Amino acid sequence: MQTGSSIYLDYQATTPIEPRVVSAMAPYNHEIFANPHSTAHVLGQQSAAAVEAARSTIENCINASSEEVIFTSGATESNNQAIASVIFGNTTDRRDILISEIEHKCIKNAAHFYAAKLGYKVKEIPVHSSGLIDVDAYQSLLSEQTLLVCIMAVNNEIGTIQDVKRFAEMAHQSGALFHCDAAQAPEAIDIDVKDWNVDMLSLSAHKVYGPKGIGALYIKNDVQAELPPFIQGGGQQFGMRSGTLATPLCVGFAEAMRITKQEAKTHREQLTHLKRLFLQQLEATHIPFKLNGTQTQCHPGNINVQFIGCDANKLLEKLQPNVCASTGSACNSEMVLLSHVLKAIGLTDEEAGSSLRISLGRFSDESQIKQAVAYIKTVIEK
(Lines give C-alpha, C1' and ligand atoms only; values in the text may rest on other atoms or scores of the structure.)
Protein backbone atom coordinates (compact mmCIF):
# COMPACT_ATOMS: atom_id res chain seq x y z
CA MET A 1 0.00 0.00 0.00
CA GLN A 2 1.28 3.46 -0.85
CA THR A 3 -0.23 6.60 0.69
CA GLY A 4 1.19 9.66 -0.99
CA SER A 5 4.96 9.20 -0.92
CA SER A 6 4.83 6.70 1.95
CA ILE A 7 5.16 2.93 1.47
CA TYR A 8 3.21 1.21 4.24
CA LEU A 9 5.00 -1.86 5.65
CA ASP A 10 3.47 -1.96 9.13
CA TYR A 11 0.50 -4.28 8.63
CA GLN A 12 1.01 -6.09 11.93
CA ALA A 13 0.44 -2.78 13.72
CA THR A 14 -2.81 -2.22 11.88
CA THR A 15 -4.39 -2.82 8.50
CA PRO A 16 -6.38 -0.45 6.28
CA ILE A 17 -10.09 -1.22 6.03
CA GLU A 18 -11.02 -3.42 3.08
CA PRO A 19 -13.33 -1.52 0.67
CA ARG A 20 -15.83 -4.40 0.84
CA VAL A 21 -15.92 -3.99 4.62
CA VAL A 22 -16.68 -0.28 4.28
CA SER A 23 -19.56 -1.12 1.94
CA ALA A 24 -20.96 -3.74 4.31
CA MET A 25 -20.92 -1.27 7.22
CA ALA A 26 -22.52 1.67 5.39
CA PRO A 27 -26.25 0.86 5.86
CA TYR A 28 -25.78 0.48 9.63
CA ASN A 29 -24.49 4.02 10.00
CA HIS A 30 -27.61 5.55 8.46
CA GLU A 31 -30.65 3.43 7.58
CA ILE A 32 -30.36 0.67 10.20
CA PHE A 33 -28.89 2.77 13.01
CA ALA A 34 -31.03 1.76 16.01
CA ASN A 35 -29.71 0.38 19.28
CA PRO A 36 -29.43 -3.41 18.75
CA HIS A 37 -30.65 -3.95 22.31
CA SER A 38 -33.88 -1.96 21.72
CA THR A 39 -35.74 -4.95 20.36
CA ALA A 40 -39.24 -3.71 21.15
CA HIS A 41 -39.38 -1.96 17.76
CA VAL A 42 -38.58 -2.95 14.19
CA LEU A 43 -35.41 -0.87 13.72
CA GLY A 44 -33.90 -2.25 16.90
CA GLN A 45 -34.81 -5.74 15.75
CA GLN A 46 -33.05 -5.14 12.43
CA SER A 47 -29.90 -3.97 14.22
CA ALA A 48 -30.06 -6.94 16.60
CA ALA A 49 -30.41 -9.34 13.67
CA ALA A 50 -27.34 -7.80 12.01
CA VAL A 51 -25.29 -8.19 15.19
CA GLU A 52 -26.32 -11.82 15.61
CA ALA A 53 -25.58 -12.56 11.95
CA ALA A 54 -22.14 -10.99 12.44
CA ARG A 55 -21.55 -13.08 15.55
CA SER A 56 -22.55 -16.22 13.67
CA THR A 57 -20.16 -15.40 10.80
CA ILE A 58 -17.22 -14.99 13.16
CA GLU A 59 -18.14 -18.19 15.00
CA ASN A 60 -18.19 -20.04 11.66
CA CYS A 61 -14.79 -18.58 10.71
CA ILE A 62 -13.15 -20.07 13.82
CA ASN A 63 -15.40 -23.17 14.07
CA ALA A 64 -17.06 -22.06 17.32
CA SER A 65 -20.55 -23.07 18.40
CA SER A 66 -23.48 -20.71 18.76
CA GLU A 67 -23.18 -18.02 21.46
CA GLU A 68 -19.51 -18.72 22.12
CA VAL A 69 -18.29 -15.37 20.76
CA ILE A 70 -18.78 -12.05 22.53
CA PHE A 71 -17.87 -8.71 21.01
CA THR A 72 -15.37 -6.47 22.80
CA SER A 73 -13.53 -3.25 21.98
CA GLY A 74 -10.52 -5.21 20.73
CA ALA A 75 -7.98 -7.88 21.65
CA THR A 76 -6.62 -5.85 24.58
CA GLU A 77 -10.02 -5.91 26.27
CA SER A 78 -10.52 -9.56 25.32
CA ASN A 79 -7.18 -10.51 26.84
CA ASN A 80 -7.89 -8.55 30.02
CA GLN A 81 -11.31 -10.17 30.32
CA ALA A 82 -9.90 -13.66 29.83
CA ILE A 83 -7.36 -13.23 32.62
CA ALA A 84 -9.48 -11.20 35.06
CA SER A 85 -12.61 -13.33 34.70
CA VAL A 86 -10.72 -16.56 35.32
CA ILE A 87 -9.10 -15.11 38.45
CA PHE A 88 -12.34 -13.55 39.75
CA GLY A 89 -14.26 -16.75 39.08
CA ASN A 90 -11.70 -19.11 40.60
CA THR A 91 -13.06 -21.28 43.41
CA THR A 92 -10.03 -23.60 43.64
CA ASP A 93 -6.72 -23.37 45.47
CA ARG A 94 -4.84 -22.87 42.19
CA ARG A 95 -2.82 -19.64 42.19
CA ASP A 96 -0.39 -19.82 39.24
CA ILE A 97 -0.85 -18.04 35.90
CA LEU A 98 1.52 -19.14 33.11
CA ILE A 99 2.24 -16.85 30.16
CA SER A 100 4.91 -17.10 27.50
CA GLU A 101 7.84 -14.69 27.66
CA ILE A 102 6.86 -13.22 24.29
CA GLU A 103 3.19 -12.46 24.92
CA HIS A 104 1.84 -9.07 23.87
CA LYS A 105 2.09 -6.47 26.61
CA CYS A 106 -1.66 -6.49 27.16
CA ILE A 107 -1.30 -10.10 28.34
CA LYS A 108 1.90 -9.56 30.32
CA ASN A 109 0.75 -6.39 32.04
CA ALA A 110 -2.76 -7.66 32.74
CA ALA A 111 -1.49 -10.94 34.18
CA HIS A 112 1.02 -9.26 36.47
CA PHE A 113 -1.47 -6.57 37.52
CA TYR A 114 -4.33 -8.87 38.49
CA ALA A 115 -2.00 -11.43 40.04
CA ALA A 116 -0.34 -8.82 42.27
CA LYS A 117 -3.66 -7.35 43.36
CA LEU A 118 -5.41 -10.65 44.07
CA GLY A 119 -2.67 -12.87 45.48
CA TYR A 120 -1.71 -14.90 42.42
CA LYS A 121 1.70 -15.67 40.92
CA VAL A 122 2.71 -15.19 37.28
CA LYS A 123 5.31 -17.53 35.81
CA GLU A 124 6.74 -16.87 32.35
CA ILE A 125 7.41 -19.75 29.96
CA PRO A 126 10.82 -19.45 28.23
CA VAL A 127 11.21 -19.62 24.47
CA HIS A 128 14.06 -20.75 22.23
CA SER A 129 16.00 -18.37 19.98
CA SER A 130 13.43 -19.22 17.30
CA GLY A 131 10.67 -17.78 19.47
CA LEU A 132 9.10 -21.22 19.82
CA ILE A 133 8.02 -22.33 23.29
CA ASP A 134 10.54 -24.39 25.26
CA VAL A 135 8.31 -27.44 25.69
CA ASP A 136 10.36 -29.01 28.50
CA ALA A 137 10.35 -25.75 30.46
CA TYR A 138 6.60 -25.40 29.90
CA GLN A 139 5.99 -28.93 31.13
CA SER A 140 8.07 -28.31 34.25
CA LEU A 141 6.07 -25.16 35.08
CA LEU A 142 2.70 -26.89 34.82
CA SER A 143 1.43 -28.19 38.16
CA GLU A 144 -1.65 -28.64 40.31
CA GLN A 145 -1.24 -24.94 41.15
CA THR A 146 -1.70 -23.81 37.51
CA LEU A 147 -5.03 -22.06 37.00
CA LEU A 148 -4.58 -20.51 33.54
CA VAL A 149 -2.12 -20.69 30.65
CA CYS A 150 -1.85 -17.90 28.05
CA ILE A 151 0.12 -18.60 24.87
CA MET A 152 -0.38 -16.53 21.72
CA ALA A 153 -0.87 -18.21 18.35
CA VAL A 154 1.25 -15.84 16.23
CA ASN A 155 3.71 -13.36 17.66
CA ASN A 156 3.18 -9.70 16.80
CA GLU A 157 6.90 -8.82 16.55
CA ILE A 158 8.74 -11.83 15.12
CA GLY A 159 5.79 -13.72 13.64
CA THR A 160 6.47 -17.05 15.36
CA ILE A 161 3.59 -19.54 15.02
CA GLN A 162 3.08 -21.73 18.10
CA ASP A 163 1.61 -25.24 18.34
CA VAL A 164 -1.51 -24.08 20.17
CA LYS A 165 -3.28 -27.45 20.02
CA ARG A 166 -0.38 -29.21 21.74
CA PHE A 167 0.01 -26.56 24.42
CA ALA A 168 -3.72 -26.47 25.19
CA GLU A 169 -3.68 -30.25 25.66
CA MET A 170 -0.73 -29.98 28.05
CA ALA A 171 -2.54 -27.31 30.07
CA HIS A 172 -5.69 -29.42 30.29
CA GLN A 173 -3.71 -32.44 31.45
CA SER A 174 -2.66 -30.39 34.47
CA GLY A 175 -6.25 -29.23 35.05
CA ALA A 176 -5.66 -25.65 33.88
CA LEU A 177 -7.67 -23.47 31.50
CA PHE A 178 -6.04 -22.33 28.26
CA HIS A 179 -6.35 -18.93 26.58
CA CYS A 180 -4.89 -17.96 23.21
CA ASP A 181 -4.31 -14.44 21.90
CA ALA A 182 -4.98 -14.99 18.19
CA ALA A 183 -5.10 -11.35 17.08
CA GLN A 184 -2.28 -11.88 14.54
CA ALA A 185 -3.39 -15.34 13.46
CA PRO A 186 -6.13 -15.07 10.80
CA GLU A 187 -3.84 -13.79 8.03
CA ALA A 188 -1.23 -16.46 8.84
CA ILE A 189 -3.06 -19.68 9.80
CA ASP A 190 -6.51 -21.22 9.98
CA ILE A 191 -8.15 -20.99 13.41
CA ASP A 192 -10.18 -23.93 14.67
CA VAL A 193 -11.14 -23.57 18.32
CA LYS A 194 -12.62 -27.06 18.47
CA ASP A 195 -9.56 -28.77 16.99
CA TRP A 196 -7.23 -26.66 19.13
CA ASN A 197 -9.50 -27.27 22.15
CA VAL A 198 -8.81 -23.83 23.62
CA ASP A 199 -11.07 -22.50 26.39
CA MET A 200 -10.78 -18.86 25.30
CA LEU A 201 -9.39 -17.03 22.27
CA SER A 202 -9.02 -13.33 21.43
CA LEU A 203 -9.44 -11.58 18.06
CA SER A 204 -9.18 -8.01 16.80
CA ALA A 205 -10.82 -6.55 13.69
CA HIS A 206 -8.13 -4.03 12.79
CA LYS A 207 -5.59 -6.81 12.26
CA VAL A 208 -7.77 -8.35 9.51
CA TYR A 209 -8.68 -5.27 7.42
CA GLY A 210 -11.68 -4.44 9.59
CA PRO A 211 -12.52 -1.35 11.65
CA LYS A 212 -10.67 -0.27 14.78
CA GLY A 213 -12.47 -0.40 18.12
CA ILE A 214 -13.99 -3.89 17.80
CA GLY A 215 -12.72 -7.33 18.74
CA ALA A 216 -14.03 -10.59 20.09
CA LEU A 217 -13.48 -13.11 22.83
CA TYR A 218 -14.34 -16.74 22.22
CA ILE A 219 -15.34 -18.51 25.45
CA LYS A 220 -16.20 -22.20 25.29
CA ASN A 221 -19.84 -22.73 26.32
CA ASP A 222 -19.12 -24.92 29.32
CA VAL A 223 -16.55 -22.40 30.58
CA GLN A 224 -18.87 -19.38 30.32
CA ALA A 225 -20.99 -20.52 33.26
CA GLU A 226 -17.93 -20.51 35.51
CA LEU A 227 -16.81 -16.98 34.68
CA PRO A 228 -18.17 -13.63 35.91
CA PRO A 229 -18.48 -10.74 33.45
CA PHE A 230 -15.57 -8.34 33.16
CA ILE A 231 -17.72 -5.28 32.40
CA GLN A 232 -20.82 -4.88 34.55
CA GLY A 233 -23.98 -3.17 33.33
CA GLY A 234 -27.16 -4.07 31.52
CA GLY A 235 -26.30 -7.73 31.02
CA GLN A 236 -25.93 -7.70 27.26
CA GLN A 237 -24.20 -10.54 25.36
CA PHE A 238 -25.46 -13.43 27.49
CA GLY A 239 -24.47 -11.48 30.60
CA MET A 240 -20.78 -11.85 29.72
CA ARG A 241 -20.03 -8.28 28.58
CA SER A 242 -22.37 -5.36 29.16
CA GLY A 243 -22.59 -2.28 26.97
CA THR A 244 -24.37 -1.18 23.81
CA LEU A 245 -22.84 -2.81 20.77
CA ALA A 246 -21.86 -0.76 17.73
CA THR A 247 -23.76 -2.48 14.93
CA PRO A 248 -21.59 -1.11 12.06
CA LEU A 249 -18.40 -2.31 13.77
CA CYS A 250 -19.82 -5.78 14.40
CA VAL A 251 -20.92 -6.06 10.77
CA GLY A 252 -17.56 -4.77 9.51
CA PHE A 253 -15.62 -7.18 11.70
CA ALA A 254 -17.64 -10.12 10.45
CA GLU A 255 -17.19 -9.16 6.80
CA ALA A 256 -13.44 -8.74 7.35
CA MET A 257 -13.22 -12.19 8.92
CA ARG A 258 -15.30 -13.73 6.13
CA ILE A 259 -13.02 -12.28 3.43
CA THR A 260 -9.88 -13.28 5.31
CA LYS A 261 -11.12 -16.85 5.73
CA GLN A 262 -12.43 -17.19 2.16
CA GLU A 263 -9.34 -15.73 0.47
CA ALA A 264 -6.70 -17.03 2.89
CA LYS A 265 -4.82 -19.20 0.41
CA THR A 266 -4.43 -16.38 -2.12
CA HIS A 267 -3.36 -13.82 0.46
CA ARG A 268 -0.84 -16.12 2.15
CA GLU A 269 0.74 -17.13 -1.15
CA GLN A 270 1.10 -13.46 -2.10
CA LEU A 271 2.67 -12.58 1.25
CA THR A 272 5.10 -15.48 0.96
CA HIS A 273 6.11 -14.32 -2.53
CA LEU A 274 6.61 -10.71 -1.44
CA LYS A 275 8.58 -11.74 1.64
CA ARG A 276 10.91 -13.81 -0.54
CA LEU A 277 11.29 -10.87 -2.93
CA PHE A 278 12.11 -8.47 -0.08
CA LEU A 279 14.85 -10.75 1.21
CA GLN A 280 16.26 -11.28 -2.29
CA GLN A 281 16.35 -7.53 -2.86
CA LEU A 282 17.98 -6.99 0.52
CA GLU A 283 20.64 -9.63 -0.15
CA ALA A 284 21.44 -7.93 -3.46
CA THR A 285 22.30 -4.68 -1.64
CA HIS A 286 25.10 -6.44 0.30
CA ILE A 287 23.99 -4.63 3.46
CA PRO A 288 24.82 -6.89 6.43
CA PHE A 289 21.63 -8.17 8.06
CA LYS A 290 20.31 -11.09 10.09
CA LEU A 291 16.75 -12.35 10.51
CA ASN A 292 15.27 -12.74 13.98
CA GLY A 293 13.19 -15.77 14.98
CA THR A 294 12.27 -18.76 12.88
CA GLN A 295 11.52 -18.68 9.16
CA THR A 296 9.84 -22.10 9.03
CA GLN A 297 7.01 -21.44 11.51
CA CYS A 298 6.42 -17.77 10.83
CA HIS A 299 3.71 -15.36 9.72
CA PRO A 300 4.12 -15.15 5.90
CA GLY A 301 4.16 -11.35 5.97
CA ASN A 302 6.54 -10.86 8.89
CA ILE A 303 10.21 -9.91 8.47
CA ASN A 304 12.02 -8.98 11.70
CA VAL A 305 15.53 -8.08 10.66
CA GLN A 306 18.70 -6.83 12.32
CA PHE A 307 20.54 -4.24 10.26
CA ILE A 308 23.93 -4.97 11.74
CA GLY A 309 25.71 -1.92 13.10
CA CYS A 310 22.66 0.35 12.70
CA ASP A 311 20.42 2.04 15.25
CA ALA A 312 16.91 0.95 14.20
CA ASN A 313 15.19 4.00 15.66
CA LYS A 314 17.50 6.38 13.80
CA LEU A 315 17.17 4.29 10.63
CA LEU A 316 13.38 4.47 10.81
CA GLU A 317 13.52 8.20 11.48
CA LYS A 318 15.69 8.77 8.39
CA LEU A 319 13.36 6.64 6.29
CA GLN A 320 10.50 9.07 6.91
CA PRO A 321 8.27 9.83 5.10
CA ASN A 322 9.17 7.16 2.56
CA VAL A 323 8.82 3.88 4.49
CA CYS A 324 6.41 3.13 7.33
CA ALA A 325 7.68 0.20 9.44
CA SER A 326 8.34 -0.24 13.15
CA THR A 327 11.09 -1.04 15.61
CA GLY A 328 10.80 -3.52 18.45
CA SER A 329 10.87 -0.63 20.89
CA ALA A 330 8.21 0.84 23.12
CA CYS A 331 8.72 4.52 23.84
CA ASN A 332 7.56 6.57 26.76
CA SER A 333 8.33 10.12 27.77
CA GLU A 334 11.57 9.26 29.54
CA MET A 335 13.25 6.36 27.77
CA VAL A 336 13.25 3.86 24.93
CA LEU A 337 12.69 0.31 26.13
CA LEU A 338 14.14 -2.55 24.11
CA SER A 339 11.66 -5.14 22.92
CA HIS A 340 10.95 -7.80 25.56
CA VAL A 341 10.33 -10.25 22.71
CA LEU A 342 13.77 -9.75 21.15
CA LYS A 343 15.40 -9.94 24.56
CA ALA A 344 13.49 -13.16 25.32
CA ILE A 345 14.91 -14.87 22.21
CA GLY A 346 18.42 -14.02 23.36
CA LEU A 347 19.34 -10.87 21.46
CA THR A 348 21.84 -8.50 23.03
CA ASP A 349 20.86 -4.87 23.59
CA GLU A 350 22.82 -3.92 20.48
CA GLU A 351 21.14 -6.60 18.35
CA ALA A 352 17.66 -5.71 19.62
CA GLY A 353 18.37 -2.04 19.06
CA SER A 354 19.32 -2.66 15.43
CA SER A 355 16.14 -4.59 14.59
CA LEU A 356 13.30 -3.41 12.40
CA ARG A 357 9.94 -5.12 11.86
CA ILE A 358 8.76 -5.08 8.25
CA SER A 359 5.23 -6.44 7.96
CA LEU A 360 3.74 -6.94 4.51
CA GLY A 361 0.06 -7.00 3.72
CA ARG A 362 -2.75 -7.44 1.29
CA PHE A 363 -2.09 -4.18 -0.54
CA SER A 364 1.70 -4.53 -0.76
CA ASP A 365 3.15 -5.10 -4.24
CA GLU A 366 6.47 -5.82 -5.92
CA SER A 367 7.20 -2.22 -6.86
CA GLN A 368 6.73 -1.08 -3.26
CA ILE A 369 9.06 -3.83 -2.01
CA LYS A 370 11.81 -2.88 -4.46
CA GLN A 371 11.44 0.83 -3.72
CA ALA A 372 11.45 0.26 0.06
CA VAL A 373 14.67 -1.75 -0.11
CA ALA A 374 16.21 0.98 -2.28
CA TYR A 375 15.30 3.58 0.34
CA ILE A 376 16.81 1.44 3.11
CA LYS A 377 20.01 0.96 1.09
CA THR A 378 20.32 4.70 0.43
CA VAL A 379 19.85 5.63 4.09
CA ILE A 380 22.26 3.00 5.47
CA GLU A 381 25.01 3.77 2.96
CA LYS A 382 24.92 7.53 3.59
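This text follows helix α10 and then turns to the enclosed cavities of the structure, which is a predicted model.

Helix α10 takes in residues 264–285, and because each of its 22 residues should add 1.5 Å, a span of 32 Å is expected, which agrees with the 32 Å that separates its end C-alpha atoms. Beyond the helix comes His286, a residue with a positive phi, near 65°.

The buried residues of α10 are Ala264, His267, Arg268, Leu271, Leu274, Lys275, Leu277, Phe278, Leu279, Leu282 and Thr285. In an α-helix there are 3.6 residues a turn, so residues three or four places apart point the same way. Among the elements that cover the buried residues of α10 are the helices α9 (247–262) and α14 (366–381), together with the strands β10 (289–291), β11 (302–307) and β16 (355–359).

Where is space left inside the model? The structure holds two cavities of 30 Å³ or more, and the largest cavity contains about 100 Å³ of space. Its lining is made up of 14 residues, of which Tyr11, Thr15, Glu187, Lys207 and His299 are the closest to the centre; by class, this lining has seven nonpolar, five polar and two charged residues.

The second largest cavity, with a volume of about 90 Å³, leads back to helix α10, since Ala264 and Arg268 are among its lining residues and are also buried residues of α10. Two or more lining residues come from each of α2 (42–62), α9 and α10, with α9 giving the largest share, three residues. The lining of this second largest cavity divides into seven nonpolar, one polar and three charged residues.

Note on methods: Residues are numbered from 1 along each chain as its sequence is written. This is a predicted model: local features need pLDDT of at least 70, side-chain atom pairs count only at pLDDT 80 or more; totals for chains, interfaces and linings use all residues. Side-chain values use heavy atoms; hydrogens and water are left out. Helices (H or I, at least four residues) and strands (E, at least two) are DSSP runs, numbered from the N terminus. The expected span of a helix is 1.5 Å times one less than its number of residues. Buried means under 20% relative accessible area, exposed over 50%, partly exposed in between (1.4 Å probe, protein chains only). Contact means heavy atoms within 4.5 Å. On a 1 Å grid over the protein atoms alone, a cavity is a set of points where a 1.4 Å probe fits but cannot get out, and a pocket is an open set with protein on both sides within 12 Å along at least five of seven lines; lining residues have an atom within 4 Å of a point. Grid points are joined across faces, edges and corners, and a volume is the space filled by probe spheres set on the points. Ala, Val, Leu, Ile, Met, Phe, Trp, Tyr, Cys and Pro count as nonpolar, Asp, Glu, Lys and Arg as charged, and the others, Gly among them, as polar.
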